[in-house]
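Visitor: I am new to this one. Please show it to me, and then tell me how each label was earned.

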Amino acid sequence: MKSTSRTSTRPTTKTTIKTGAQIIVDTLIEQGVETMFGYTGGVVLPLFDRLYDAPINFIVPRHEQGGCHMADAYARASGKVGVVVATSGPGACNLVTGLATAMMDSIPLVALTGQVRTELIGNDAFQEADTTGITRPITKYNCIVKDIKDLARNIREAFYIASTGRPGPVLIDIPVDVQVTKCSTDGSAEMKLPGYKVRTKGHARQISTAAKAINSSKQPVLYVGGGVISANASEELRALAEKAHLPVTMTLLGLGSYDQRRPESLDMLGMHGSAYANYAVQECDLLIAIGARFDDRVTGKLVNFAPSAKIIHIDIDPASISKNVRVDIPVVGDAKEILSALVKEVEYRERKPWFNKIAEWKEKFPFRYDQNSSAIKPQYVIEELCRQTKSEATITTGVGQNQMWTAQFYKFIKPRQLISSGGLGTMGYGLPAAIGAQVARPDATVIDIDGDHSFNMTMTELATAVEHNLPIKVCILNNGYMGMVRQWQELFYGKRYSKSYLSNPDYAVVARALGAVGITVDKKTDVPKAIKEMLKEKRPCVVDFRIEPKENVWPMVAAGKSLNEMDGLDILESMA
Ligand SMILES: Cc1ncc(C[n+]2csc(CCOP(=O)(O)OP(=O)(O)O)c2C)c(N)n1
Ligand SMILES: [Mg+2]
């Protein structure tokens, strides 16, 4: 979708009379929208009437939250802007979690909401909510369109703002009378965004300074976030890591930006990251952060983070520079452009002692689990999924242990392969995200590796997958518990498992009731066969893996500890 260019407005000389609803649909088509997600209601009926025969693939979720996550994952999987529609009041309110999820992970999304008639706004009208007020802190930009003359321009601006700079969700609230009013238009409304400037080209001198620091570093580490994926800069990242010979660690959202099978990969860092990544960050003399924001799950105790390192920070968002960690060499701009300039100025260095040290850590502390256990270990399920899909599947996740085990045990090799709610940590994201990703990439094998309680939150969306014949797969790592909460209660609350265990339905039966295939696996020896069967299935398929209920995620940097103070390394070593 070419929605990022200022030339996306296409003036036509012909003046025609159009309703607001028609202008919306025409502008969406002009912006390249082929697929959208949304749910109807009273004040979006004029818009839905125009969508009745519009050339747009429209997916109706079973709950607006699901629709918003679908649009978000559609954007993550395709690189296009996701679009979601909802009615006023309850519909718009149901978008809140989805918008906040997209905001925290910098995902380009346009939400269109209906609003009550302009003259009723502020009167507590039926299904009125202050949508722009409610969503202001969880959108990159929002506005209400009270004059039909602003409609096309505002929608164009929404796509431009959502997809440029640091991407994010934009919401446009449209009162129902604006959708039915007519106006004569020649379709030429240009964007007016005088205060919105995006810097893409990095400062040449800063890039040279960064290159010099890299060339003289003895113990460098690349720390890569989701920004590299949204900038489509994986090729450039690989060129940099290879040419300058740099180890690469990734955040949860950065996974896939660098092929984890390559020797330079240190896998994920942070709270449940690899010991070798965390030690390397703590001992490096130069940390090169790209499209990452020094989130607390990554840094641990801030004052002790990368204590001996000079820090280079490459980011499109000037506001994220020196926000959490003091940066020595900032380079503001588009990661793709900056990395391709940087590659030209770096030189190969052997760095033997540093790579030897890293190799020792890797040898001593790989991700491990008890392979001899007779119970189904979640890590085993994920390893088997990775083996059978040859590391090529598109994976979505719930939130909790399931998400962290996925990050640790699936080896990602391509960008846009892992689709997970990182910043907000939204339980219930996995299933609707799998639907959005499958719609974006019909040929991909899309698997939601989910937690039982995460799945509980949005499982009704299975009906959406069934309706659209989407061959998504759901692997529930069913430990009965809100496992991550249980783990914290075990470690920090004296094993008082307060409200973290709930009874679950029989998921295979639920799946069948909703029209999907349901499989239950309660024997370790059945795991490979069930996965094989699931991968062959053309219908949506849910596999309920009854895993070891009290398995923990190791290693773990407890909240407030430094990255090198990891718990569980002794446990991992004892499994060697
Ligand atoms: C919407 C939402 N509510 C609450 C939480 C807090 N929380 C984080 S992990 C978790 C438990 C998740 O349980 P489950 O989905 O079964 O995953 P597991 O950790 O067992 O793999 C909870 C309650 C959250 N992240 N999101
Ligand atoms: Mg669970």
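Visitor: Which helices supply at least two residues each of the shell around ligand 1?

Guide: Helix 17 (401–409), helix 19 (452–458) and helix 21 (483–492) do, where a helix is a DSSP run of H or I with at least four residues, numbered from the N terminus. Helix 19 gives the largest share, four residues. This is a predicted model, in which local features need pLDDT of at least 70, side-chain atom pairs count only at pLDDT 80 or more, and totals for chains, interfaces and linings use all residues. Residues are numbered from 1 along each chain as its sequence is written, ligands are numbered from 1 in the order in which they are written, and side-chain values use heavy atoms, without hydrogens and water.

Visitor: What makes the pair of Asp452 and ligand 1 a polar contact?

Guide: A polar contact is a pair of N or O atoms within 3.5 Å. A polar side-chain atom of Asp452 lies 2.5 Å from an oxygen atom of ligand 1, so the pair meets that limit. A backbone N or O atom of Gly425 is 2.8 Å from a nitrogen atom of the ligand, and a polar backbone atom of Gly483 is 2.7 Å from a ligand oxygen.

Visitor: Why is the set of residues with Leu222 and Leu342 called a nonpolar core?

Guide: The name applies to buried (under 20% relative accessible area, 1.4 Å probe, protein chains only) Ala, Val, Leu, Ile, Met, Phe, Trp, Tyr and Cys residues joined through side-chain atoms within 4.5 Å. The largest such core has 103 residues, and Leu222, Leu287, Ile290 and Leu342 have the most contacts inside it. A second, separate core of 44 residues includes Leu99 and Leu470.

Terms used:
A polar contact is a pair of N or O atoms within 3.5 Å; within protein, one must be able to donate a hydrogen and the other to accept it, and residues adjacent in sequence count only if both atoms are side-chain atoms. Buried means under 20% relative accessible area, exposed over 50%, partly exposed in between (1.4 Å probe, protein chains only).
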